[in-house]
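Dear colleague,

Please find below the structure that I am handing over to you. My findings follow it, set out in order.

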Amino acid sequence: MKARLFAIATVAGLLVGAGLAQAQIKIGAILSISGPGAGMGNGYKGAFDFFPKEIAGQKVEYIVRDDGTDASNAYTIAQKMITEDHVDAFIGPSLTASDAAVAPLADKAKVPMIAMAPYEYDPHKQPYVFNDAQPLSLMVAKVFKYMQQHGVKTVGFIGFSDGWGDAVLAATKTAAAADGIRILDDERYARTDTSVDAQVLRLMSRHPQAVMMGNSATPAALPVVALRRRGYRGGIYGNHGIVSPAFIKVGGAAVEGVIADTSPLVVYKQLPAGNVVKPVATAFMQEYTKKFGPQSVNPFAGYSYDAMLLLKNAIPQALKVAKPGTVQFREALRAALEKTHELVGVSGVYNMTPDNHNGQDSRAAVLVEVKHGAWREIH
Amino acid sequence: MDPFIFFALLQDGITTGAIYLLLAIGLLIVFSATRVIFVPQGDLLAFGALTAAGLQSGHVPATLWLLDGLSAAALLASLTGGVRAAGRALLVWGVYPAVVSLASVWLARREIPAVSILLALAIVTPMGPLIWRFAYRPMADASVLALLILSMALHFVLIGLGLVFFGPEEASVPALSTANFTIGALDISGQSLCVLGAAVALVVGLGWFFGATVQGKALRAAASDPLGARLVGIDAGATGSLAFGLAAFIAALAGVLIGALTPLSYDAGFEIGLKGFVAAIMGGLVSYPMAAAGALLVGVLESLGSFWASAYREVIVFTLLIPVLLWLSLRRGSDEDRA
């Protein structure tokens, strides 16, 4: 009899224990830490070291997994996180292709997800999906506004022959049309190409006043070097994919004067004193560079950090409705995220509505120029 | 198209064509001696470029530790082969890596471009024979298809190691020459002349090697009739080792040459290798002159294709394979029948 009572008590104790463990908030993060996306993945991952262990008195557990820059991996991981870990929200994935794979899954399971790559979708069809990275259209529009102000009437486009090149070209077409700028040429090359001389010659034969680039990372320096070597004198503009010290290192003196849009986080030190993002970005980057070194400044850590800020802002309201680990909690979390109002993150300011699950405005984009071998903000 | 643009495109095409030519030669040497389609050659190209870039920026590249590790394994494996073999192995797999390691560690801090490039060649070249020793030789008699599958597997292994060794960023190799010549309206860079010069020197050197040295003749014998060569006492293991050594050297050389023209990342080699493969196919995987013509054709076509329709450039280059393959298969049936 005594033994039986003891057994019951033990089982009851275990159940209570399990119940308590369930009460903590679980956040699943899917990041591309290895594979071709590794360069960005390390930034995304680094920010997790500065996340709070507790939000509104609740313990928070972050489960971070690597999808190896492979969307099918991301899908499997997300499935496991939903069915086995019972996560309350997703941070990421950090890769556009993985976002596209995981979004339907998260939406069906009613797990709010904050995508961290530029990813276009319909928030009415996938109400559980949010995105905290600046949409390409917002960033490219900033560049074209600048071109227009400086009297540019015609541009030539050169970009990657892949999805990123297509996406930047689409944004370029929209922005150029809005600002009355004509696109004279569309040239493509592959990331792994060893020469772009032919494309550059063709581009120059059309005599555009400026060149817009739809490329990213260090292969973006290739057309700039080729253009300048061939004596092209017009302005060369890029998107935020090229803003890194490595681009300047590879391009050397040829990339002086290249102008691109970027997240305010990257130039946090140079932001004007009145900028709303500046104090938040500075506080975060000071911690970040203290841990990872002064060369570690990158925009990607900012997207992880902003995803956390968005959740941190919404969780207290969801906790009033239900306990973590329940579908009611996730529903409430989604509703709270959608009501995000003037939340200042490190990459911009967020105002979510049912029609807009990104919520950033022009405050999320700044223009930078290569001057004396470094990226400098243009006011 | 005005003549200036045409000549500029031609010059660009010939420079890249020369790189493809080097790789096509490496592929042909390995294929004719061992029936292996050496896909990882492209990865060794990236290894060569990134090793040189690493040395130049003062790091001791991780490829050095790979060389040391594989050499140590080869040394251990040779202990079973008797005293003479072990003595020779000690020299090749013991003394050589030790010398290269010491030289790299000591010279990495000096950052002298020519030394970085020579060391990179010295580090990457032995990887050819080592890959042969541990991966291909145990299944040297397998079918061409099985060897190709092994090649693909090795490609993925090397690409993974490349990411661990060098990280995802790209790097540039110091240029051998920063000179620039102007002929009329044409602008010719010293580096592209270096590329052409290296290709010509290699072709001449290999011609001499195959025509005048015992090892070269043995390699040719093994290529034209493997069984007959074995019957007259030519060691298949040694010829394989030599072929892979040559291919690795050529790949590393192509890497340090092209790495100065354009920054390379750890995974950039595969596509360059693939273009070399297209050129080698044009030579039917047997003819060197045809492969050379094919390589230059691929280079020039790529350059012109980039000018006319840059988005379809790869399509243009790889479509070239279809008529060539058709012609080859009509002419002499499949290779598998002969093997």
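This is a predicted model. I begin with chain A, which is divided into two parts: domain 1 covers residues 2–133 together with 297–347, and domain 2 covers 136–262 together with 365–378. Between the C-alpha centres of domain 1 and domain 2 of chain A there is a distance of 35 Å.

I turn next to the contact of the two chains. Chain A contributes 23 residues to the contact, and chain B contributes 25. On the side of chain B that touches chain A, at least two residues come from each of helix 1, helix 11 (236–261), helix 12 (269–282) and helix 13 (288–309) of chain B. Helix 1 of chain B gives the most to this side, namely five residues. By residue type, the side of chain B that touches chain A comprises 13 nonpolar, six polar and six charged residues.

Finally, one residue of chain B deserves a description of its own. B:Leu22 belongs to helix 1 of chain B, which spans residues 3–34. Is B:Leu22 buried or exposed? B:Leu22 is buried, because 28 other C-beta atoms lie within 10 Å, and 20 or more are required for a residue to count as buried. Once neighbours within four places in sequence are set aside, the residues in contact with B:Leu22 are B:Ala199, B:Leu202, B:Ile250, B:Leu253 and B:Ala254. In addition, B:Leu22 and B:Val203 are 181 residues apart along the chain, while their C-alpha atoms are separated by 8.5 Å.

Yours sincerely

Terms used: Residues numbered from 1 in each chain as written. Chains lettered and ligands numbered in written order. Predicted model: local features only at pLDDT ≥ 70, side-chain atom pairs only at ≥ 80, totals over all residues. Helix = DSSP H or I, 4+ residues; strand = E, 2+ residues; numbered from the N terminus. Buried ≥ 20, exposed ≤ 12 C-beta atoms within 10 Å, placed from the backbone. Contact = placed C-beta atoms within 7 Å. Domains from an automatic or database assignment. Nonpolar A, V, L, I, M, F, W, Y, C, P; charged D, E, K, R; others polar.
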